[in-house]
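I set out to look up how the copies are arranged and how their strands and helices meet. My entries follow the structure.

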Number of protein chains: 2
Amino acid sequence: MEKLTLRSQFRLFGEGKAFGPGIAELLEGIIRTGSLRQSAMAMDMSYNKAWSVLRQSEANLGIQLVERIMGGAGGGGSRLTPEGLEFLQRYRNFCAEANACLNRLAEQYFGGGDGQ
Amino acid sequence: MEKLTLRSQFRLFGEGKAFGPGIAELLEGIIRTGSLRQSAMAMDMSYNKAWSVLRQSEANLGIQLVERIMGGAGGGGSRLTPEGLEFLQRYRNFCAEANACLNRLAEQYFGGGDGQ
């Protein structure tokens, strides 16, 4: 059998989809660019779609993740709320610990013959 | 914060995609119906797509998962090879153990206030 590697995806659901790799990436893009629009563009996502995904996530999480910044040199932008940043970090830490655990498990179930 | 539940997906990659929930479902459909065509239909997948996904999986796994049965009352069909059945069972057991571990972890990271 070929050497196999595991890739996992973790999504959190409340009433509906609350968080996952796509929303995490969107938030990280806002951290990087200060803009929901630019973050969406970097993901080949329309601004409307990104806005809608974000609002759905906030509703299902019960947390405000992003807030508008008014004015300033660029005419405004977006940033994560303190709760949004905390949750993002918590999700990323969960994913790191989950992947470490899963890779050990995958080694038991699928690892093998090639000594890796 | 709302009560959150975790949903995870586990995919195995060799050179390319080797196994995952879709292929597992396709194989279980073949066990149930004795037919790749019927299994694909139950998943709203075209026969050609199912055949292609199956062949790609076998190539990336290095295992033959399914074989044709010639003749018989129904004019032939498909069944899992012994290696295919063994791998499917191994994948399902992995998923069960992985989910048990992840749910405990998710309880630590996201569980909470509502006592569940």
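I looked up the interface: 100% of the interface residues of chain A are also interface residues in chain B, so the copies meet through the same surface. Contact here means heavy atoms within 4.5 Å.

I note that this is a predicted model, in which local features need pLDDT of at least 70, side-chain atom pairs count only at pLDDT 80 or more, and totals for chains, interfaces and linings use all residues. Residues are numbered from 1 along each chain as its sequence is written, chains are lettered from A and ligands numbered from 1 in the order in which they are written, and side-chain values use heavy atoms, with hydrogens and water left out.

I then looked up the symmetry. A turn of 180° with a shift of 0.0 Å along the axis lays chain A on chain B with an RMSD of 0.0 Å (least-squares superposition on the C-alpha atoms of residues with pLDDT of at least 70 in both). That is the relation of a two-fold axis. Of the residues of chain A, Gln9(A) comes closest to the rotation axis, its C-alpha at 2.6 Å.

I traced the sheet next. It is open and antiparallel, with four strands in the order S2(A)-S1(A)-S1(B)-S2(B); strands are DSSP runs of E of at least two residues, helices runs of H or I of at least four, numbered from the N terminus, and two strands pair if DSSP finds at least two bridges between them. Strand S2 (17-19) of chain A and strand S2 (17-19) of chain B stand at the edges, each with a single partner strand, so one side of each has no neighbour in the sheet. In chain B, S1 (residues 5-13) and S2(B) pair in the antiparallel sense over two bridges, and Phe13(B) stands opposite Lys17(B) in S2(B).
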